[in-house]
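Please examine the sequence and the structure shown here. The paragraphs that follow lead through them step by step.

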Amino acid sequence: MGKEFLHDLYIHVCRMLFGVNSKKVVFMSFQGKSYSDNPKAVSECLHSIMPEAEIYWFFEDPESKKDIVPPYVHRMKGNTKSFLRHQATASVFVTNNALNEIPKHKKQLFV
């Protein structure tokens with residue numbers, strides 16, 4: 001089996017087991033290098049109008065961002081199985097760079 005097949009299978013299984021969470025929104029800026037740009041503005045605005053939203057940010061090094069990211073944000077390591085699971089089950093994915101190859105579900109919005 002190819003890597004791409006296993007990748008897509010994992011995403012499909014995650015969606016079957018967990019579904020798409022309408023309150024989960026994932027963010028990434030500059031491929032996980034920073035907490036900045038339009039994704040940051042969208043994240044902060046979302047929290048102000050919908051504080052119950054589950055906001056996940058993906059970083060290359062999540063620990064290095066703990067002092068600059070608000071406490072309501074879940075910091076996650078990008079390019080991991082956990083990253084794929086959250087991306088597969090989030091209702092919205094916001095990024096300022098090209099999306100990695102993930103099959104989009106009809107209940108998801110990629111921005």
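Which residues form a nonpolar patch on the surface? The patch consists of Phe5, Leu6, Leu9, Val13, Leu17 and Phe18, which together have about 590 Å² of accessible area. Such areas come from the Shrake-Rupley method with a 1.4 Å probe, and for residues only the protein chains shown count as cover. A patch is made of residues with over 30% relative accessible area and no salt bridge, nonpolar side chains (Val, Leu, Ile, Met, Phe, Trp, Tyr) being joined within 5 Å and like charges within 9 Å. The model is predicted: local features need pLDDT of at least 70 and side-chain atom pairs count only at pLDDT 80 or more, while totals for chains, interfaces and linings use all residues. Residues are numbered from 1 along each chain as its sequence is written, and side-chain values use heavy atoms, with hydrogens and water left out.

Phe5 belongs to helix H1 (residues 3-18); helices (H or I, at least four residues) and strands (E, at least two) are DSSP runs, numbered from the N terminus. Arg15 is also placed in helix H1. Arg15 is buried (under 20% relative accessible area, with exposed over 50% and partly exposed in between; 1.4 Å probe, protein chains only). Yet Arg15 has no salt bridge, that is, no side-chain nitrogen of Lys or Arg within 4 Å of a carboxyl oxygen of Asp or Glu. The nearest side chain of opposite charge, Asp8, is 8.0 Å away; Lys and Arg count as positive, Asp and Glu as negative, and His and the chain ends are not counted.In contrast to buried residues, Phe5 counts as partly exposed at 47% relative accessibility. In helix H3 (residues 81-89), the buried residues include Phe83 and Leu84.
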